[in-house]
Amino acid sequence: MKRFPSLLVATATLLATAVDAHTVFTTLFINDVSQGDGTCVRMPSDPQHCTDPVAGIDSDDMACGANGNTPVTYTCPASAGGKLSFEWRLWADAEQPGALDISHKGPCAIYAKQVKDMATDSAAGSGWIKLWDEGYDESTGQWCTEKVIANNGLMSIDIPTSLPSGNWLFRPELLALHNADKGDPQFYVGCAQVFVQSDNTAALNVPAEYSVSIPGYVQADEPGLTFNIYEPHFPYPMPGPKVYQPAESKSKAAAAVSSKVAKQTQGKIPSNYLIKNANWVGVEVPSYSTEDGCWKSSQACWDQASECYDSAPPTGSANCRVWEQKCDGIVAACSAGNFNGPPNKGQKLESEDPAPPSDIPDPVNAAKTRRRRTRRA
């Protein structure tokens, strides 16, 4: 049996990151639990340019970043009222620390859009609402991006309890103004695919002034995009629409609508996976008791490894290498004449994703919260 060739060359290519890195949204946390690097996250696929700002404010990339109209395999479930946190990194694979260069001062925002079909509905276009924003905090003398840097690249928000159940794109946004006075405001965006679990299935009735199209929600000549941070005149004019705060419905009609809870049907992460790398999962190979079965299961393992490396985003392929070690173990057993297996059948493998930050900041839209220790999913 010919052994599957090593995939380390592919790994090295994926881990490469541009020297002049800016920032990229890499990791979603739900209730302070990391969902895994790249899991449920739409990010640019090119590791050499994944941290670049959006090429132009009229581009469809303004919605979810480069390649952001392409859905990822998995959509992470979260309850309405639950906490979402978004991690930004200078280096997508965390090869070096940092979230954003301190010179990149500017505002932040978080938008959301409900989609019926995560696989086919476009991220770009109408239907976006702004859930939160912050520009320059005159009480602390800090831009929002400076707070993100101080929070180890993290920004958090509570999902409004009145959001209806279903598929949602949550879009964190940073705007760097260090070159805005030269006509070059730099947007950094990404999207998390989230299935909001709620007993509310009634569609939001969003007033027209709060519902926007991305691209199209900002203009190149508006004050928030041309603001000179070196000769500032505060208050800073926030770009985009006003923040929309969904009202809690107290009507009997709404209560009746809520009697049926929508179930997630798309993008569910399999419960039987042994290890996950972004939006790929490794599942146990078939059991065997013969030499032929042993080598066939070995090949099935390497086939999965190949899929892992091929699908790995700029956050890297660390857990593909963990899976590769499992395949090595099957090959070793077959070569030794041990044809009953696979070894350590069904045993979960230990993730080698970078350790998450030790603290997650409070939700920006919550009145009373506390910092929590982070955990991995």
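Guide: Helices here are DSSP runs of H or I of at least four residues, and strands are runs of E of at least two, numbered from the N terminus. In this predicted model, the chain has seven helices and 19 strands.

Visitor: Why is Lys 130 called buried or exposed, and what is the class of its partner Asp 133?
Guide: Buried means under 20% relative accessible area. Lys 130 has 0% relative accessibility, so it counts as buried. Asp 133 stands at 21%, and therefore counts as partly exposed.

Visitor: What makes the contact of Asp 133 with Lys 130 a salt bridge?
Guide: The limit is 4 Å between a side-chain nitrogen of Lys or Arg and a carboxyl oxygen of Asp or Glu. The closest N and O atoms of Asp 133 and Lys 130 are 2.9 Å apart, so the pair qualifies. A search of the whole structure finds ten salt bridges.

Visitor: What separates Lys 296 from Asp 292 along helix H6?
Guide: Both belong to helix H6 (residues 291-311); because they are four residues apart, about one helical turn separates them. Their side chains meet at 3.2 Å, N to O, so this pair also satisfies the 4 Å criterion. Lys 296 is exposed, because its relative accessible area of 57% is over 50%. Asp 292, at 48%, is partly exposed.

Visitor: Why does Lys 113 have no salt bridge?
Guide: The nearest side chain of opposite charge, Asp 121, is 7.5 Å away, whereas a salt bridge requires atoms within 4 Å, so none is assigned. Lys 113, in strand S6 (residues 108-115), is nevertheless buried.

Visitor: What lies 2.9 Å from a polar atom of the Lys 113 side chain?
Guide: The backbone oxygen of Ser 122 lies at that distance, which is within the 3.5 Å limit and therefore suits a polar contact. Lys 113 also touches, among others, Trp 128, Asn 167 and Trp 168.

Visitor: Which residues touch the most other members of the largest nonpolar core?
Guide: Of its 39 residues, these are Leu 28, Leu 84, Phe 86, Met 155, Phe 170, Leu 174 and Val 194. Leu 174 touches Met 155, and its contacts also include Trp 88, Leu 100 and Val 148. A second, separate core of 28 residues includes Ala 123, Leu 169, Leu 177 and Phe 227.

Visitor: What makes S4 and S13 paired strands?
Guide: Pairing requires at least two bridges. Four bridges join S4 to S13 (residues 191-197), so the strands pair, and they run parallel. Within S13, Phe 195 is the bridge partner of Pro 77. Pro 77 lies on the uncovered face of S4 (residues 76-79) with Ser 79, while Cys 76 and Ala 78 form the covered face.

Conventions: Residues numbered from 1 in each chain as written. Predicted model: local features only at pLDDT ≥ 70, side-chain atom pairs only at ≥ 80, totals over all residues. Heavy atoms only, no water. Buried < 20%, exposed > 50% of the residue type's maximum accessible area, 1.4 Å probe, protein only. Lys, Arg positive; Asp, Glu negative; His and termini not counted. Polar contact = N/O pair within 3.5 Å; in protein donor to acceptor, adjacent residues only side chain to side chain. Contact = heavy atoms within 4.5 Å. Core = buried A, V, L, I, M, F, W, Y, C linked by side-chain atoms within 4.5 Å. Lists of a residue's contacts leave out its neighbours within four places in sequence.
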